[in-house]
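Q: Could you walk me through this model, chain by chain, and then through a few residues?

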Amino acid sequence: MTGPEQSRVPFVAASPQGMVVAGGLPAHVVYVLRLGDDNLVMAQRLGEWISRGPDLEEDIALANVALDHLGQARALLAHAGALEGMGRTEDDLAMGRAERDVHNLLLVEQPNGDFAHTVARALFLDAYQVELWRVLSGSGDATLGGIAAKALKEARYHLRHSSAWAVRLGDGTALSHARMQAAVDDLWRFTFEPFAADAVDLAAAASGVGVDPEVLRAPWDARIDAVLTEATLERPSDPYQRTGGRQGFHTEHLGHVLTELQWMQRTFPGLHW
Amino acid sequence: MSYDVPRMAGDAAWTEHDADDHARRPGDEGSGPMWEVFVRQRRGMSHVHAGSLHAPDAETALLNARDVYTRRSEGVSVWVVPSSAVTASDPDNAASMFEPFAEQPYRHATYYDIPDEVGHM
Amino acid sequence: MDLSPDDRFQAILDADDKIEPTDWMPDGYRQTLIRQIAQHAHSEIIGMQPEGNWISRAPTLKRKTILMAKVQDEAGHGLYLYAAAETLGIGRDEMQHLLHTGRHKYSSIFNYPTLSWADMGVIGWLVDGAAITNQVALTRTSYGPYARAMVRICKEESFHQRQGYEILLTLCRGSAEQFAMAQDAVDRWWWPSLMMFGPHDDESPHTAQSMAWKVKRVSNDDLRQQFVDMTVPQAEYLGVTLPDPELRWNEQSGHYDYGEVDWDEFWQVVKGDGPMNRERLANKVGAWDDGAWVREAAMAYAAKHDGRLRSAGAGGAA
């Protein structure tokens with residue numbers, strides 16, 4: 001298949017057949033866990049930039065974004081634990097699950113790479129979260145709605161920050177343009193997954209708790225196209241896409257992220273810190 | 001926090017410097033010019049000078065100012081101004097600029113004697 | 001009748017008033033301040049590394065949040081201090097270059113490795129505690145921008161020491177393994193913390209001039225004694241033992257007597273041969289070098305899109 005029409009149709013890398021809702025948890029719990037995991041892994045990745053930023057001001061800015069995501073993760077994980085009703089705390093959930101039970105988007109577990117990769121990853125996530133939180137502010141789950149309303153303000157700021165950088169790197173020097181284009185090309189294969197609905201998404205949407213992520217794709221596309229254009233960047237045409245994170249089928253990166261995240265609790269279980 | 005760093009024998013004297021220390025090195029790209037940051041803490045208050053930072057352009061300066069100077073709920077509004085835009089009074093002229101006003105007490109309420117019986121004025 | 005600039009400068013000092021950036025000042029005062037403020041700033045920035053080392057492994061999400069916020073504050077403190085130093089006529093990039101090439105130093109305490117979670121507690125308790133001991137005094141330093149930066153830093157500092165002590169309280173009340181972790185961290189950080197106050201004053205010829213200029217307000221030994229007196233009861237409350245067999249209360253003096261710092265180790269670390277001098281500086285330089293293309297891109301974009309900024313120099317207001 002060739003031609004521009006076909007290049008817009010994603011080719012989704014095969015995920016194992018027979019997707020099962022992990023651990024038999026109710027869809028509502030899994031739905032919230034997924035959102036928590038997105039923010040948890042993103043916070044963990046951004047924390048790696050602290051003391052390594054391109055300048056002091058940006059170090060401080062990245063730390064703020066990391067803290068926002070961490071705060072959202074804590075609220076979402078705590079809520080998921082409450083919904084589950086088995087007494088699992090935010091830390092139990094963050095520190096006690098292994099890869100196959102963690103549900104973040106593949107996008108957020110990708111390495112920081114150079115600053116362009118970090119900016120591209122943020123741009124793609126922020127544009128998604130702005131749409132997501134806007135809709136979820138009206139969730140039938142009032143707690144989730146409250147978290148979403150607060151997170152929306154943060155996501156708007158994050159998007160402003162990542163868009164500004166995407167534009168400056170894309171329309172900066174020849175070198176920064178090349179690096180930014182390479183980053184966009186490299187991470188593009190993880191941009192289908194946020195909008196790929198599965199049974200959990202559809203159940204959550206049907207119950208008024210969540211949203212069918214497919215409806216978020218068009219505004220996301222419009223936003224991304226606008227930023228790429230202003231940044232003088234090309235929208236990638238490679239149709240290859242990967243999914244699976246939502247179902248616990250991750251890239252090889254997540255295991256290492258969890259190893260660092262969970263090290264203390266796994267080594268010294270059951271203690272207060 | 002405060003950190004005193006002791007001098008070692010053989011260190012260049014603290015007062016030594018050469019012009020080269022202060023020269024910008026080619027290819028050494030910095031974070032841009034300096035900006036002064038003003039923050040309005042609450043509605044009804046003025047913007048107050050909070051400090052300065054470096055940024056290449058106004059939008060970045062604004063975002064940075066928000067990140068650096070308002071983390072502790074210190075503001076609802078931020079101004080950033082290139083430091084080069086500030087015109088400062090000359091300290092050599094401070095006496096003629098400001099001291100004459102010290103000799104003009106008639107501009108202050110306390111100069112005027114109103115008997116207590118009149119009530120608050 | 002008009003005072004000479006030198007006399008005017010001295011009059012301001014004698015009145016305990018502030019010297020501001022546009023005041024005349026002796027070149028020695030200016031250079032001493034540049035060096036001191038810059039090195040203070042460098043210390044804040046390098047200090048992000050030992051604590052940053054544990055962000056990814058903080059044992060709970062709450063502790064991770066707190067540690068991130070603390071390290072972020074340190075970046076901010078460095079930024080305020082560089083800004084204060086810039087009012088003296090040196091650019092931030094120049095100061096960084098002096099650090100990167102080894103002509104400027106930073107506080108030696110940050111050349112020690114953080115080997116356990118308990119180190120996060122001990123750094124907050126002892127290292128921040130030692131810095132705070134001098135901090136209030138520095139808000140009275142004679143140079144206005146430096147004093148004002150210190151006021152802002154003091155306000156933000158208030159949670160830093162408390163969060164460290166709270167970590168240790170939790171460990172010392174926890175399991176035997178946690179208590180041992182805390183004790184081990186104390187054993188490694190106690191003496192380096194005392195070294196933070198610098199050499200004895202009679203071995204620091206530079207102290208006298210700094211005191212005369214009211215840049216330095218309290219002597220090294222007095223500050224060190226103040227720190228010991230404050231900290232010993234805090235250690236007793238935790239139940240940890242400070243690794244100094246000569247430490248004892250002196251009824252007559254009303255202070256704690258304590259042992260002699262290993263000055264060989266002290267000078268070795270200052271000279272650059274401490275456990276992590278090379279790594280700390282390499283990380284700092286590496287981050288700066290890795291970011292060069294990013295900064296260049298931002299400047300290039302600004303130049304393309306706002307002509308005004310091409311002519312905006314590095315000037316600073318007070």
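What follows is a chat about the chains, some aromatic rings and two loop residues.

Q: Before we start, what should I keep in mind about numbering and about the kind of model this is?
A: This is a predicted model, in which local features need pLDDT of at least 70 and side-chain atom pairs count only at pLDDT 80 or more, while totals for chains, interfaces and linings use all residues. Residues are numbered from 1 along each chain as its sequence is written, chains are lettered from A and ligands numbered from 1 in the order in which they are written, and side-chain values use heavy atoms, with hydrogens and water left out.

Q: OK, chain A: what is its secondary structure?
A: Chain A has eleven helices and two strands, where helices (H or I, at least four residues) and strands (E, at least two) are DSSP runs numbered from the N terminus. In sequence order the pattern is α-β-α-α-α-α-α-α-α-α-α-β-α.

Q: And how does the radius of gyration of chain A sit against a compact globule?
A: The radius of gyration of chain A is 18 Å, which agrees with the value near 19 Å for a compact globule of 273 residues; the radius is taken over C-alpha atoms, and the globule rule is 2.2 Å times the number of residues to the power 0.38. Along the principal axes, the C-alpha trace of chain A spans about 55 × 45 × 35 Å.

Q: What share of chain A is buried?
A: Buried residues account for 60% of the 273 residues in chain A, with buried meaning under 20% relative accessible area, exposed over 50% and partly exposed in between (1.4 Å probe, protein chains only).

Q: Switching to chain C, what are its elements and its dimensions?
A: Chain C has 13 helices and two strands, and its C-alpha atoms fill a box of roughly 65 × 55 × 35 Å along the principal axes. Its radius of gyration of 21 Å agrees with the value near 20 Å for a compact globule of 318 residues, and 62% of those 318 residues count as buried.

Q: Then chain B, what does that one look like?
A: Chain B has two helices and three strands, running β-β-α-β-α from the N terminus on, and 32% of its 121 residues count as buried.

Q: How much of the contact pattern joins distant parts of the sequence?
A: Taking contacts (heavy atoms within 4.5 Å) between residues at least 6 apart in sequence, 80% of those in chain A join residues at least 24 apart. On that count the value is 77% in chain C and 40% in chain B.

Q: Let's change topic, how many aromatic pairs turn up?
A: The whole structure holds 22 aromatic pairs over all chains; rings of Phe, Tyr and Trp (its six-membered ring) pair if their centres lie within 6.5 Å, and planes under 30 degrees apart count as stacked, over 60 as edge-to-face and the rest as tilted. One of them is A:Phe115 with A:Trp165, which is edge-to-face because the ring centres are 5.0 Å apart and the planes stand at 85 degrees.

Q: Where do those two rings sit, and are they buried or exposed?
A: A:Phe115 is in helix α6 (residues 115-136) and A:Trp165 in helix α7 (residues 142-170) of chain A, so that the pair links distant parts of the chain, 50 residues apart. Both A:Phe115 and A:Trp165 are buried.Q: Which rings pair in chain C?
A: Among them are C:Trp249 and C:Tyr256, an edge-to-face pair with 4.9 Å from centre to centre and 70 degrees between the planes. C:Trp249 counts as partly exposed, at 43% relative accessibility, whereas C:Tyr256 counts as buried, at 12%.

Q: Which residues form an aromatic cluster in chain A?
A: One aromatic cluster is formed by A:Phe124, A:Tyr128, A:Trp188, A:Phe195 and A:Trp220.

Q: On to the loops, where is C:Gly259 and what does it touch?
A: C:Gly259 lies in the loop between β2 (255-257) and α11 (263-273) of chain C, and its relative accessible area of 4% makes it buried. Leaving aside residues up to four places away in sequence, C:Gly259 touches C:Trp191, C:Asp244 and C:Glu246.

Q: And B:Ser83, where is that, and how far is it from B:Pro56?
A: B:Ser83 is in the loop between β3 (77-82) and α2 (94-98) of chain B, and it counts as buried at 4% relative accessibility. The C-alpha atoms of B:Ser83 and B:Pro56 are separated by 12 Å, with the two residues 27 apart along the chain.
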